Amino acid sequence: MKPIWILFFCFISLSGLTQEASKYISGQLKTSDSLHGIPYISIKNTSLKQATVSNDEGYFQLPVSDENDSIVIASFEYETLRFKVGNL
């Protein structure tokens with residue numbers, strides 16, 4: 001299994017249509033040896049039961065509710081990573 005490097009950019013996106021704020025975690029998954037983006041990797045927020053897949057360049061965006069949300073990044077080709085949003 002190959003390790004994955006993860007670059008995260010956390011931000012809050014405010015929706016103009018509703019009164020509450022939507023929170024997201026976003027970033028890019030990269031290989032540890034060449035730092036190229038890794039496409040089509042599964043990223044899951046197991047706390048919210050939401051999931052996404054990284055795009056062709058390894059970028060993704062996933063909703064979160066708070067710092068205790070559990071994130072799982074999984075692929076057949078790379079090591080599975082598990083962590084809490086608050087540990088970033």
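## Residue S54

S54 has a relative accessibility of 2%, and because buried means under 20%, S54 counts as buried. In this predicted model, S54 sits in the loop that runs between β4 and β5.

Apart from neighbours within four places in sequence, S54 is in contact with L29, I38, P39, Y40, I41, I43, Y59 and F60. One link involves the backbone of I41: the backbone nitrogen of I41 lies 2.9 Å from a polar atom of the S54 side chain.

## Residues Y40 and I41

Y40 belongs to the loop between β2 and β3. Is Y40 buried or exposed? Y40 has a relative accessible area of 58%, so it is exposed. In sequence, Y40 and S54 are 14 residues apart, while in space their C-alpha atoms are 4.9 Å apart. With neighbours within four places in sequence set aside, the contacts of Y40 are V53, S54, N55 and D56. The side chains of Y40 and D56 are joined by a polar contact of 2.3 Å.

I41 has contacts with L29, T52, V53, S54, I73, A74, S75 and Y78, again leaving aside neighbours within four places in sequence.

## The sheet

Which order do the four strands of the open sheet follow? The order is β4-β3-β6-β7, and the pairing is antiparallel. At the edges stand β4 (50–53) and β7 (81–84); each has a single partner strand, so one side of each has no neighbour in the sheet. From one strand to the next, the twist averages 15°. In general, the strands of a sheet pair through backbone hydrogen bonds.

The pairings can be followed across the sheet. β3 (residues 42–45) is joined to β4 by four bridges, and these two strands run antiparallel. Within this pair, I43 has T52 of β4 as its bridge partner. β3 also pairs with β6 in the antiparallel sense, over four bridges, and here K44 has V72 of β6 as its bridge partner. β6 and β7 are likewise antiparallel, with four bridges. V72 appears in this pairing too, with R82 of β7 as its bridge partner. A hairpin connects β6 to β7 through six residues.

## The nonpolar core

The largest nonpolar core has 13 residues. Which of these residues touch the most other members? They are L29, I41, I43, I71 and I73. The elements giving two or more residues to this core are β2 (21–31), β5 (59–64) and β6 (70–74). The largest share, three residues, comes from β5.

β6 is mostly covered, with four of its five residues buried. Two of the residues named above link the core to S54: L29 and I43 are among the contacts of S54.

## Confidence in the model

The mean pLDDT of the chain is 80, and 76% of the residues score at least 70. Where in the chain is confidence lowest, and where is it highest? Confidence is lowest in strand β1 (residues 4–14), which has a mean of 47, and highest in β4, at 96.

The pLDDT is below 50 over residues 8–20. Beyond near neighbours in sequence, this stretch has 25 contacts in the model.

Terms used. Residues are numbered from 1 along each chain as its sequence is written. Side-chain values use heavy atoms; hydrogens and water are left out. Two strands pair if DSSP finds at least two bridges between them. Axes are lines fitted to C-alpha atoms, for helices over the stretch in contact, and angles run from 0 to 180 degrees between N-to-C directions. pLDDT is the predictor's confidence in each residue, from 0 to 100. Contact means heavy atoms within 4.5 Å. A nonpolar core is a set of buried Ala, Val, Leu, Ile, Met, Phe, Trp, Tyr and Cys residues joined through side-chain atoms within 4.5 Å. Buried means under 20% relative accessible area, exposed over 50%, partly exposed in between (1.4 Å probe, protein chains only). A polar contact is a pair of N or O atoms within 3.5 Å; within protein, one must be able to donate a hydrogen and the other to accept it, and residues adjacent in sequence count only if both atoms are side-chain atoms.
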